[in-house]
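User: Can you walk me through this structure? I'm new to this, so keep it simple.

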Amino acid sequence: MEPSARVQVLRRVLDTATDRLRPVLDLARPYIDGLQHLPADGRFLLVGNHTQFGSEIFLISDAIRRSIGTRVRPLADRGFGRMPRLAGDLLAAYGGVVGAPETARELMRNDQTILVFPGGGREIPKFKGEEYTLRWQGRAGFARLSVENGYPIVPVGLVGGDDVYRSWTTRDSVLGRFGAALGRRLNGRSDMAMPLLRGIGPTLIPRPQRMYLRFGTPIDTTTPVGVDPETWAGAVKEDTQRALEQILADLMRVRRTDPFRDLSPLGWSGATMA
C-alpha cells in the first residue's frame, strides 16, 4: 500500500500546510476531550459522525497526530473512488482510501489508525431537525471487520458542524422531496438529498461556530467464548452507536452553557475547557 511519488509529495505539502495553519485553528479554541482514551499504539478504529460542514475529518486527524503521532486513515465512501485523478491523489495524500472491506482488512493487518463514518455520504446533508443524528440504517460492516480482526473501536463525536449551515425545510416537505429528487438525478441516490441551506441570516455565509470533539472509551471487540461472531458483531455495532449518541448528547449539553459557542470574542475568556 505504498503511495505513489506524486501522492508522497502532496502529503508533504499538506502536512506543512496543516502545521502552519494550527495557530489559526487554535484561535477558535476547539473543545477537545478524551485524548487520554486513545491507545498509544495507534491500533484502533475510530467511528464518528458526519456533519454538514465536514470539519470532523480534519479535527479528528489533527488531534490524533498531535496526541499520539500516528496518521489517521479515513475510509471514504465508494463514490469518492471515482473522483478525478488530482482529487483522488489529494484524498490519498491525506491518508484516505476507498472504504472496501478488503482495504480495511489490509489496514488492520498493518495496525493502522482507521477512521470510518458508518452513515457515509448520506449522513452529510441534514434537513431541519436532523442535526447530529446518525443515519447508519443498519450498516454494521465496521463492527464485523473489527470483530474479525480483534480491533478496538473508539467512538468519536463532533458537535458544531451541523450549525454552520441549517436547512430551511424538513425532509418530508415539498422542498425536501424536491431535494431528494435532485440528488437522485445528479448522483443516482435519493438518500443524498440536497437540502436548501442558510448560514448567517438568509445567506450562505458560514455561521461562526466553535467545534466540540470528544473521544470515547475504547470498545473491546474480542468475541467472548461461546458467542457467535455475527451475533457479537451486531452487539458491538449497537454498543458503538449508543456510545456515540451519548457523546453527541453530552457535547450538546456542554455547548449550551459555553459563552464562546458562537466564537464571540466577548466569550473568549469564559470558554468551556475540556
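User: Let's start with the rings. How many aromatic pairs are there?

Analyst: The count comes to three aromatic pairs. Keep in mind that this is a predicted model. One of the pairs is W136 with F142. Their ring centres are 5.4 Å apart, and the planes meet at 75°. That makes the pair edge-to-face.

User: Are W136 and F142 buried or exposed?

Analyst: W136 is buried, with a relative accessible area of 1%. F142 is buried too, at 8%.

User: Ok, give me another pair.

Analyst: Take F260 and W268. This pair is edge-to-face, with 5.6 Å from centre to centre and 75° between the planes.

User: And how accessible are F260 and W268?

Analyst: F260 has a relative accessible area of 2%, so it is buried. W268 comes to 31%, so it counts as partly exposed. The cut-off for buried is under 20%.

User: What lies over the face of W168?

Analyst: That is R198. It sits 5.4 Å from the ring centre.

User: New topic: holes. How do you even find empty space in a protein?

Analyst: You roll a probe the size of a water molecule over the atoms, and that shows where empty space is left.

User: How many cavities of 30 Å³ or more does the structure hold?

Analyst: One. The largest cavity has a volume of about 130 Å³.

User: Which residues line the largest cavity?

Analyst: The lining is made by D15, T18, F58, S61, D62, R65, T70, R71, V72 and Y94. Two elements give two or more residues each: helix 1, residues 5-27, and helix 2, residues 55-68.

User: Which element gives the most to that lining?

Analyst: Helix 2, with four residues.

User: What classes of residue are in the lining?

Analyst: It's a mix. Four lining residues are charged, three are polar and three are nonpolar.

User: Now the backbone. What sign does phi usually have?

Analyst: Most residues other than glycine have a negative phi. R29 has a positive phi of about 45°, although it is not a glycine.

User: Where is R29?

Analyst: R29 lies in the loop between helix 1 and strand 1, which covers residues 31-33. R29 has a relative accessible area of 24%, so it is partly exposed.

User: Got another example?

Analyst: L263 also has a positive phi, of about 60°, and is not a glycine. You'll find L263 in the segment after helix 7, which spans 229-256. L263 is partly exposed, at 27% relative accessible area.

User: Last topic, the strands. Which way do the residues of strand 5 point?

Analyst: Strand 5 covers residues 113-116. T113 and L115 point one way, while I114 and V116 point the other way. All of them are buried.

User: Why the back and forth?

Analyst: In a regular strand the side chains alternate between the two faces of the sheet.

User: How does strand 2 join strand 5?

Analyst: Strand 2, residues 44-48, runs parallel to strand 5, and four bridges join them. In this pairing, V47 stands opposite V116.

User: And how does strand 3 pair with strand 5?

Analyst: In the parallel sense as well, over three bridges. Strand 3 covers residues 72-76.

User: Which residue of strand 5 does P74 stand opposite?

Analyst: L115. L115 is one of the buried residues of strand 5, and it points the way T113 does.

User: And V72 from the cavity lining?

Analyst: V72 is one of the lining residues of the largest cavity. Strand 3 begins at residue 72.

Terms used:
Residues are numbered from 1 along each chain as its sequence is written. This is a predicted model: local features need pLDDT of at least 70, side-chain atom pairs count only at pLDDT 80 or more; totals for chains, interfaces and linings use all residues. Side-chain values use heavy atoms; hydrogens and water are left out. Rings of Phe, Tyr and Trp (its six-membered ring) pair if their centres lie within 6.5 Å; planes under 30 degrees apart count as stacked, over 60 as edge-to-face and the rest as tilted. Buried means under 20% relative accessible area, exposed over 50%, partly exposed in between (1.4 Å probe, protein chains only). A charge sits over a ring if NZ of Lys or CZ of Arg is within 6 Å of the ring centre and within 35 degrees of the ring normal. On a 1 Å grid over the protein atoms alone, a cavity is a set of points where a 1.4 Å probe fits but cannot get out, and a pocket is an open set with protein on both sides within 12 Å along at least five of seven lines; lining residues have an atom within 4 Å of a point. Grid points are joined across faces, edges and corners, and a volume is the space filled by probe spheres set on the points. Ala, Val, Leu, Ile, Met, Phe, Trp, Tyr, Cys and Pro count as nonpolar, Asp, Glu, Lys and Arg as charged, and the others, Gly among them, as polar. Two strands pair if DSSP finds at least two bridges between them.
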